[in-house]
Amino acid sequence: MHYTRLGTTGLTVSRVCLGMMSYGDTSERSWHLDEAAALPLVRRAVEAGVTFFDTADVYDDGVSEEVTGRMLRGLFPDREAYVLATKVYFPMGPSANDRGLSRKHIMAAVDASLRRLGTDYIDLYQIHRWDHGTPIEETMEALHDVVRAGKARYIGASAMYAWQFAKAQQVAREAGWSRFVSMQNHYNLVYREEEREMLPLCADQGVGVLPYSPLARGLLAGARERGGVRHTVRAGDDPLADEMYEDADFDVVDAVRALAAERGVPAARIALAWLLGNPGVTAPVVGATKTAHLEDALAAVDLVLSENERARIEAPYRPHRVLGHV
């Protein structure tokens with residue numbers, strides 16, 4: 001495993017971040033794993049040197065945080081040995097105040113996450129989306145107070161427009177509050193719209209980038225084919241993927257498969273190596289429900305693509321409408 005700093009902070013993270021969304025309540029999605037089934041995968045990740053783990057309060061209505069906390073406490077010698085990230089924004093109950101990024105919800109949500117995770121602090125506390133109903137000044141001050149209270153070490157953001165991210169950072173800068181140190185955005189070989197504004201902004205400001213859906217919900221790993229053919233359980237139970245990706249995106253998939261065949265490696269490794277080779281990317285957030293998923297992510301860290309190879313798999317890209325901000 002290789003390691004790097006998260007943006008310009010002093011926080012060291014592994015180049016692979018294990019996404020914990022798939023672990024928790026199997027009744028939520030047919031492809032989710034319960035704790036017993038997830039533990040061998042997480043143990044293998046830890047043995048391979050992964051120290052960075054990402055979840056969210058909304059994943060399986062909090063169950064993901066619960067099992068994440070238990071597994072990591074059992075697999076690491078102490079709390080300082082790993083970096084734990086979670087998120088706040090989406091509804092966690094029926095109340096109008098049990099969602100969003102108001103001071104009221106952030107303060108209640110961080111305490112609830114700490115209880116579920118079984119820890120005294122969160123390393124990276126991220127806003128899951130932009131809240132159009134709450135002034136960004138209220139949100140940034142509340143997040144700063146969370147950091148000052150020692151409940152989070154750093155704050156991060158996810159899935160928004162570059163102007164929104166810049167506004168939030170400027171509000172915090174002017175007030176002397178904690179600023180976001182990371183951006184977890186939708187970015188992969190078939191969705192590269194983040195290269196227009198968000199990635200240059202992050203590079204300029206020294207913000208770490210943690211792409212989610214690095215394999216386009218399995219598209220780049222062979223989970224789907226043109227015409228709606230599905231090869232995995234998740235692909236057959238993932239309506240969001242049907243909305244986000246189209247048959248035209250398989251031109252990129254075909255290029256990745258061709259290069260993978262030449263290299264003698266799975267297509268997923270090529271797609272992840274492409275991300276890891278981008279100097280602006282800190283660590284892709286990789287989900288794994290099978291051993292092969294995890295092994296591909298681990299192997300991709302050491303797989304270096306030439307400039308010619310990168311150009312070949314980038315060439316078929318077509319522009320998309322903005323995806324992943326809601």
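**Exercise 1.** What percentage of the 326 residues in the protein chain do buried residues make up?

*Solution.* Start with the basis: this is a predicted model, in which local features need pLDDT of at least 70, side-chain atom pairs count only at pLDDT 80 or more, and totals for chains, interfaces and linings use all residues. Residues are numbered from 1 along each chain as its sequence is written, and side-chain values use heavy atoms, with hydrogens and water left out. Buried means under 20% relative accessible area, with a 1.4 Å probe and protein chains only. By that cut-off, buried residues make up 55% of the 326 residues.

**Exercise 2.** Find which strands stand at the edges of the open sheet.

*Solution.* First take the elements: the protein chain has 11 helices and 10 strands, which are DSSP runs of H or I (at least four residues) and of E (at least two), numbered from the N terminus. Next, 8 strands form the open sheet with parallel pairing, in the order E9-E8-E7-E6-E5-E4-E3-E10; two strands pair if DSSP finds at least two bridges between them. Strand E9 (208-209) and E10 each have a single partner strand, so one side of each is left without a neighbour in the sheet, and these two stand at the edges. Within the sheet, strand E7 (residues 152-158) pairs with strand E8 (residues 180-184) over 3 bridges, and Ala157 stands opposite Met183 in E8.

**Exercise 3.** Identify the buried residues of helix H10 and what covers them.

*Solution.* In helix H10 (residues 291-300), the buried residues are Leu294, Asp296, Ala297, Leu298 and Ala300. Their cover includes strand E3 (17-19), helix H1 (35-47), helix H9 (267-276) and strand E10 (285-287).

Key: Buried means under 20% relative accessible area, exposed over 50%, partly exposed in between (1.4 Å probe, protein chains only). Contact means heavy atoms within 4.5 Å.
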